[in-house]
Amino acid sequence: ARNDKVFNGKDVSPLDTLQLASSEADIWKLAQIVPTIQEEAAISWTPTEYERTGPHCKVDASWQKHALFFGGGFTLKDGEGRDFSGSFASNQTISPIQAEFCTLLWAMNSTLLLGFQAMSFESDCHQFVKLLNNEEMEEWPALMAESEEFLQLFSKFQFCSISFIPWTLNFRADSLGKEAQSRNAVFSHVQVPNRLALTNLLKPK
């Protein structure tokens with residue numbers, strides 16, 4: 001904050017300074033628990049029998065440091081041969097991990113509104129998946145609001161899981177997220193098999 005004031009002539013409020021410090025602390029803590037790139041590349045992915053045959057939803061977020069918005073996308077197979085997809089964009093988050101979290105929450109809410117009571121969610125962000133499976137989630141104040149919403153949405157499913165998949169299995173959701181971010185506007189769009197789209201029904205925050 002002082003550097004911005006001295007070198008750039010910017011006035012930074014104490015609240016903004018506190019939020020930035022909290023975000024940077026969380027990012028540093030996250031770096032202590034995630035594997036290196038080489039280790040992540042070596043992770044094997046073996047889906048369960050339910051995840052092979054039941055509904056599964058692949059999610060991904062697109063985040064850039066100086067952008068005004070982030071984007072998210074999902075692709076969904078319902079286990080009966082029908083495909084769904086969705087994309088949305090919302091105001092910028094403080095970190096890519098928060099963008100991944102917001103995208104998952106939007107996808108969870110979308111699938112519930114579509115009538116699914118069981119879903120296997122998949123992400124190619126191993127850092128995020130590991131964070132969700134970390135029992136010390138309460139130690140991440142920057143993600144507390146998202147954590148509470150996650151637990152609320154999770155409780156509405158009869159079955160719900162989140163697992164890691166390689167990017168090579170998630171490029172469609174990745175493309176949807178990048179395309180959504182490029183629109184530079186807040187929106188939400190879900191495409192269902194009968195070609196009717198749910199536009200602006202699932203409004204991002």
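## A tour of the aromatic pairs and helix H7

Begin by selecting Arg183 and Phe187, where the charged end of Arg183 sits over the ring of Phe187, 4.2 Å from the centre of that ring. Keep in mind throughout the tour that the coordinates belong to a predicted model.

Now zoom out to the whole protein, which contains 8 helices and 7 strands. Of its 205 residues, 43% count as buried, and the accessible surface comes to about 11,800 Å², with 55% of that surface belonging to carbon and sulfur atoms. If you display contacts between residues at least 6 apart in sequence, 72% of them join residues at least 24 apart.

Next, turn to the aromatic side chains. Two rings pair if their centres lie within 6.5 Å, and by this rule the count comes to 9 aromatic pairs. Select Phe74 and Trp106 from among them: the ring centres are 5.2 Å apart and the planes stand at 55 degrees, so the pair is tilted. Colouring by secondary structure shows that this pair links distant parts of the chain, since Phe74 lies in strand E2 (residues 69-77) and Trp106 in helix H5 (residues 96-113), 32 residues apart. Both Phe74 and Trp106 are buried.

For another pair, move to Trp167 and Phe171, whose ring centres are 6.4 Å apart and whose planes are at 50 degrees, so this pair is tilted. Here the surroundings should be checked residue by residue: Trp167, at 48% relative accessibility, counts as partly exposed, and Phe171, at 49%, counts as partly exposed.

Return to Phe74 and Trp106 and add Phe70 and Phe88 to the selection, and you will have the four residues that form one aromatic cluster.

The last stop is helix H7, which spans residues 144-154. Which residues of this helix are buried? Select Glu146, Ser147, Phe150 and Leu153, which are the buried ones to show here. Looking down the helix axis, you will find that these residues cover an arc of only 130 degrees, which puts them on the same side of H7. Rotate to the other side of H7, and Ala145, Leu151 and Gln152 come into view as exposed residues.

To finish, ask what covers the buried residues of H7. The cover includes H5 and helix H6 (126-132), and with H5 displayed you can also locate Trp106 once more, as this residue lies in that helix.

Key:
Residues are numbered from 1 along each chain as its sequence is written. This is a predicted model: local features need pLDDT of at least 70, side-chain atom pairs count only at pLDDT 80 or more; totals for chains, interfaces and linings use all residues. Side-chain values use heavy atoms; hydrogens and water are left out. Rings of Phe, Tyr and Trp (its six-membered ring) pair if their centres lie within 6.5 Å; planes under 30 degrees apart count as stacked, over 60 as edge-to-face and the rest as tilted. Helices (H or I, at least four residues) and strands (E, at least two) are DSSP runs, numbered from the N terminus. Buried means under 20% relative accessible area, exposed over 50%, partly exposed in between (1.4 Å probe, protein chains only). A charge sits over a ring if NZ of Lys or CZ of Arg is within 6 Å of the ring centre and within 35 degrees of the ring normal. The arc is that of the directions from the helix axis to the C-beta atoms. Contact means heavy atoms within 4.5 Å. Accessible areas come from the Shrake-Rupley method with a 1.4 Å probe; for residues, only the protein chains shown count as cover.
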